[in-house]
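Colleague: Got a minute to walk me through this one? Put it up on the screen and I'll ask as we go.

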Amino acid sequence: MISNFPWLSRGLAVLRKDLRIEFRTRYAYSALLMFAITTLVTVSFSVGGFLAGPEMTDIAAALLWIILFFSAMAGLSRTFVQEEESGTVIALKMAAEPEPVYVGKYLFNVVLLFSLTVLVVPLFIVMLNLSVVLVGGFLATVFLGAMGLAGASTILAAIVAKAGAKGSLMTVLAFPILLPLLLGAISATRTALGGGSPEAINTDLLMLFFYNGVALAASLLLFEYVWNE
Amino acid sequence: MTWQIILGIWMSGVVIASFIYMPATQGLGEMGRIIVYHVPAAWIAVLAYLMAMVNSIHYLRKREIRFDRQAQVNAELGTIFCILATVTGAIWSKGAWGAYWNWDPRQTSIAVLLMIYAAYFVLRSAISDSDMRARLSAVYAVLAFLTVPFLVFIVPRVYYSLHPDLELVNLAERSFEMDRQMLVVFLASVFGFSGLYLWLYNIQKRFEILFYKKATMRRF
């Protein structure tokens with residue numbers, strides 16, 4: 001079944017390779033996780049006691065996505081930077097076409113972000129004493145938000161790696177592009193935590209879904225120009 | 001040289017007319033005069049940014065370095081006019097809404113637009129190889145332009161904008177004579193700004209070509 005989609009089956013091979021490398025060092029995951037935990041503890045320590053009243057959901061939703069955005073920026077550029085550092089780019093270029101490489105790296109970033117959110121989001125809810133009103137909507141928001149973060153960051157990570165992995169370039173490039181996603185995700189999270197009318201979450205989720213689609217399609221079309229010399 | 005002198009006289013005429021010939025708008029009052037500067041600046045900014053993206057796509061397809069230079073020049077000019085539109089908008093906002101900046105949806109989207117192109121220039125300055133710079137910044141320009149519809153779609157839906165639309169200013173409860181006087185000055189300003197853009201674009205493009213020639217000559 002999966003062999004009918006060559007991009008996907010080759011992409012899965014790239015994913016397997018990346019996961020194996022990641023399991024050997026666990027560098028990207030540790031960086032991602034430690035960044036998220038550090039920010040989470042700081043946030044909880046400094047504002048956790050003051051979060052009360054009707055504005056609480058607004059602030060909590062914004063804080064959650066600030067934590068996820070900056071942790072993603074800390075870890076997601078590793079996929080391509082690591083290829084450049086170890087000098088395996090040329091071998092990967094010979095082994096696969098640009099699109100399967102993109103699919104593999106994208107799936108790797110999705111796996112990385114999911115394994116982060118699985119730990120961080122429950123911790124966030126516990127440490128800030130939040131109650132999730134719309135459980136399904138909240139899960140869908142986190143799912144689509146993490147997918148979108150990974151989708152738009154993957155091609156930017158490739159650009160940053162080609163540009164010589166200059167320190168904060170990733171955050172600078174990603175912020176304006178990810179802002180529509182973050183605005184939608186914050187708005188949906190606020191609704192899911194009990195602020196505003198529950199129906200409002202549907203349009204936000206639809207927006208997140210389309211953002212994912214556009215980011216993925218545009219990245220697949222443009223990746224070839226970044227990857228090939 | 002004649003064209004530059006004509007353009008100078010034309011723009012001076014527009015400035016004088018916007019204060020003397022043009023009547024104060026109803027609703028917006030004397031503050032409404034800023035429409036002669038604010039709207040054309042925003043229009044030129046959008047035009048230049050669109051040209052930057054079109055040139056980026058051309059570069060990716062044809063791989064000719066002149067398209068990259070045209071994209072860069074357009075992005076620079078777009079940013080200058082975008083800053084002008086933001087500043088005139090903020091001045092108007094102080095008079096009409098009471099604060100220079102209050103994150104009205106229009107202000108949010110123009111701020112993000114400026115940030116996108118600021119990131120574009122940061123990316124360009126980070127890469128020294130000219131072919132690599134052209135390729136990566138072209139990809140970024142196309143990618144960034146695709147997020148603009150989301151901002152246009154989501155931001156006004158989440159928050160209600162107070163920004164007046166053009167037809168609202170022009171047509172609501174106004175006599176024909178006032179409309180026509182205002183429209184004449186406004187259109188003259190749009191023509192003047194477009195001429196200014198073409199002139200600046202021409203100078204900047206010639207400068208970039210000379211700069212590139214000098215850089216390649218030094219290498220050999």
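**Chat about the model**

Modeller: Chain B has 7 helices and 0 strands. One thing to keep in mind is that this is a predicted model.

Colleague: OK, what pattern does chain B follow along the sequence?

Modeller: Reading along, chain B goes α-α-α-α-α-α-α.

Colleague: And how many of its residues count as buried?

Modeller: 46% of the 220 residues of chain B. As for contacts in chain B with a separation of 6 or more, 72% of them come from residues 24 or more positions apart.

Colleague: Let's go to the interface. How many residues does each chain put into the contact?

Modeller: Chain B gives 26 residues and chain A gives 28 residues. Together they bury about 2,600 Å², with 81% of that on carbon and sulfur atoms.

Colleague: Which helices of chain B supply at least two residues each to that side?

Modeller: α4 (105-126) and α5 (130-158) of chain B. The largest share comes from α5(B), with 16 residues. By type, the side of chain B that touches chain A splits into 22 nonpolar, 1 polar and 3 charged.

Colleague: How many salt bridges are there between chain B and chain A?

Modeller: The count there is 0. The rule does find 4 residue pairs in polar contact across the interface, both partners at pLDDT 80 or more.

Colleague: So where should I look for salt bridges?

Modeller: Over all chains, the search of the whole structure finds 10. One of them pairs A:Asp18 with A:Lys105, whose closest N and O atoms are 3.1 Å apart. A:Asp18 sits in helix α1 of chain A and A:Lys105 in helix α6 of chain A, 87 residues apart, so the pair links distant parts of the chain.

Colleague: Are those two buried or exposed?

Modeller: A:Asp18 counts as buried because its relative accessibility is 2%, and A:Lys105 counts as buried at 0%. They also belong to a network of salt bridges that links A:Lys17, A:Asp18, A:Glu83 and A:Lys105.

Colleague: What else pairs up in chain A?

Modeller: A:Asp58 forms a salt bridge with A:Arg190, and the closest N and O atoms there are 3.8 Å apart. A:Asp58 is in helix α3 of chain A and A:Arg190 in helix α8 (residues 169-192), so this pair ties together parts 132 residues apart in sequence. A:Asp58 is partly exposed, with a relative accessible area of 34%.

Colleague: And in chain B, which residue forms a salt bridge with B:Asp68?

Modeller: B:Arg124, with the closest N and O atoms 3.1 Å apart. The pair links helix α3 (residues 65-96) of chain B, where B:Asp68 lies, to helix α4 of chain B, where B:Arg124 lies, 56 residues apart. Both B:Asp68 and B:Arg124 are buried.

Colleague: Changing topic. Where is B:Arg33?

Modeller: In the loop between α1 (2-19) and α2 of chain B. B:Arg33 counts as buried because its relative accessibility is 12%.

Colleague: What is B:Arg33 in contact with, leaving aside neighbours within four places in sequence?

Modeller: B:Ser18, B:Phe19, B:Met22, B:Pro23 and B:Ala24. A polar atom of the B:Arg33 side chain lies 3.0 Å from the backbone oxygen of B:Ser18.

Colleague: What about α2(B), how does its span check out?

Modeller: At 1.5 Å a residue, the 28 residues of helix α2 (residues 35-62) should span 40 Å, and the end C-alpha atoms are 40 Å apart, which agrees. After α2(B) comes B:Arg63, with a positive phi near 55°.

Colleague: Which residues in chain A have a positive phi without being glycine?

Modeller: A:Arg26 is one of them, at about 55°, and A:Asn129 is another, near 55°. A:Arg26 is in the loop between α1 (6-25) and α2 (27-47) of chain A, and counts as partly exposed at 46% relative accessibility. A:Asn129 is in the loop between α6 and α7 (135-162) of chain A, and is exposed, with a relative accessible area of 66%.

Colleague: Last one: is A:Asn109 buried or exposed?

Modeller: Buried, at 0% relative accessibility. A:Asn109 lies in helix α6 (residues 98-127) of chain A. Beyond its neighbours within four places in sequence, A:Asn109 is in contact with A:Leu76, A:Thr79, A:Ala150 and A:Thr154.

Terms used. Residues are numbered from 1 along each chain as its sequence is written. Chains are lettered from A and ligands numbered from 1 in the order in which they are written. This is a predicted model: local features need pLDDT of at least 70, side-chain atom pairs count only at pLDDT 80 or more; totals for chains, interfaces and linings use all residues. Side-chain values use heavy atoms; hydrogens and water are left out. Contact means heavy atoms within 4.5 Å. Buried area is the accessible area (1.4 Å probe) that two parts lose on being put together, summed over both. A salt bridge is a side-chain nitrogen of Lys or Arg within 4 Å of a carboxyl oxygen of Asp or Glu. A polar contact is a pair of N or O atoms within 3.5 Å; within protein, one must be able to donate a hydrogen and the other to accept it, and residues adjacent in sequence count only if both atoms are side-chain atoms. Helices (H or I, at least four residues) and strands (E, at least two) are DSSP runs, numbered from the N terminus. Ala, Val, Leu, Ile, Met, Phe, Trp, Tyr, Cys and Pro count as nonpolar, Asp, Glu, Lys and Arg as charged, and the others, Gly among them, as polar. The expected span of a helix is 1.5 Å times one less than its number of residues. Buried means under 20% relative accessible area, exposed over 50%, partly exposed in between (1.4 Å probe, protein chains only).
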